[in-house]
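Subject: Structure handover

Hi,

Here's the structure I said I'd pass along. Have a look, and then read on for what turned up when I went through it.

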Amino acid sequence: MRRQPRSLPQALLDAAHSARRTFGIDEDEQYQAHDLLSDERYRWRGPTAYVELSPSTKMAHIIKIRRW
């Protein structure tokens, strides 16, 4: 995970690229990211994904990737 400069609670998740390749998901194909801690689900597309982190509300994400 890389933090955006000057923006501590935001990050680009490079692991999405590895997970997408592992599951054979094309770069232009949508896939579901399920946050197992918050039970939120996101539709992601592409090699990186944006997540927000906050010391008071979201200190971590555990993401499960699956085909949409």
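Below are my notes, going from the overall fold down to single residues.

First, a caveat: this is a predicted model, so please read every value below as computed from predicted coordinates.

**Overall layout**

The chain has one helix and six strands, and along the sequence they come in the pattern β-β-α-β-β-β-β. Of its 68 residues, 25% count as buried. If you take the contacts between residues at least 6 apart in sequence, 51% of them join residues at least 24 apart.

**The sheet**

Three of the strands make an open sheet, ordered S4-S3-S6, with antiparallel pairing. S4 (41–44) and S6 (63–67) are the edge strands, each pairing on one side only. From one strand to the next, the twist averages 25°.

As a reminder, strands of a sheet pair through backbone hydrogen bonds, either parallel or antiparallel. Here S3 (residues 31–35) is joined to S6 by five bridges, and one of the pairings puts His 34 opposite its bridge partner Lys 64. On the S4 side, S3 pairs over four bridges, again antiparallel, and Tyr 31 stands opposite Trp 44 there. The S3–S4 hairpin has five residues between the strands, and Asp 39 takes a positive phi near 65° in it. If you look at backbone torsions, that's one to pick out.

**Aromatics and the core**

How many aromatic pairs does a search of the whole structure find? Two. In one, the ring centres of Tyr 31 and Trp 44 are 6.3 Å apart with the planes at 85°, so that pair is edge-to-face. Since Tyr 31 is in strand S3 and Trp 44 in strand S4, the pair ties together parts that are 13 residues apart in sequence. In the other, Tyr 42 and Trp 44 have ring centres 6.2 Å apart and planes at 15°, so they count as stacked. Taken together, the ring pairs link Tyr 31, Tyr 42 and Trp 44 into a cluster.

Are the members of that cluster buried or exposed? Tyr 31 and Trp 44 are both buried, with Trp 44 at 9% relative accessibility. Tyr 42 is partly exposed, at 25% relative accessible area, because the buried class stops under 20%.

Tyr 31 and Trp 44 also belong to the largest nonpolar core, which has eight residues in all. The other members are Ala 19, Ile 25, Ala 33, Ala 49, Val 51 and Ile 65. S3 and strand S5 (49–52) each supply at least two residues of this core.

**Gln 32: a buried polar side chain**

Gln 32 is in strand S3. Its relative accessibility is 6%, so it counts as buried. What does its side chain make a polar contact with? The side chain of Arg 66, at 2.8 Å. Leaving aside neighbours within four places in sequence, Gln 32 is in contact with Arg 41, Tyr 42, Lys 64, Ile 65, Arg 66 and Trp 68.

**Two loop residues**

Arg 45 is in the loop between S4 and S5, and at 48% relative accessibility it is partly exposed. Its side chain reaches the backbone oxygen of Asp 28 at 2.4 Å, which you may want to look at yourself. Not counting residues up to four places away in sequence, Arg 45 touches Glu 27, Asp 28, Glu 29, Gln 30 and Tyr 31. Arg 45 and His 17 are 28 residues apart in sequence, with their C-alpha atoms 9.6 Å apart in space.

Gly 24 is in the loop between helix H1 (15–22) and S3. With a relative accessible area of 42%, Gly 24 is partly exposed. Outside the residues up to four places away in sequence, Gly 24 touches Glu 29 and Arg 67. Gly 24 and Arg 67 are 43 residues apart along the chain, yet 9.1 Å apart in space, C-alpha to C-alpha.

That's everything from my side.

Cheers

Definitions and conventions
Residues are numbered from 1 along each chain as its sequence is written. This is a predicted model: local features need pLDDT of at least 70, side-chain atom pairs count only at pLDDT 80 or more; totals for chains, interfaces and linings use all residues. Side-chain values use heavy atoms; hydrogens and water are left out. Two strands pair if DSSP finds at least two bridges between them. Axes are lines fitted to C-alpha atoms, for helices over the stretch in contact, and angles run from 0 to 180 degrees between N-to-C directions. Buried means under 20% relative accessible area, exposed over 50%, partly exposed in between (1.4 Å probe, protein chains only). A polar contact is a pair of N or O atoms within 3.5 Å; within protein, one must be able to donate a hydrogen and the other to accept it, and residues adjacent in sequence count only if both atoms are side-chain atoms. Contact means heavy atoms within 4.5 Å. A nonpolar core is a set of buried Ala, Val, Leu, Ile, Met, Phe, Trp, Tyr and Cys residues joined through side-chain atoms within 4.5 Å. Rings of Phe, Tyr and Trp (its six-membered ring) pair if their centres lie within 6.5 Å; planes under 30 degrees apart count as stacked, over 60 as edge-to-face and the rest as tilted.
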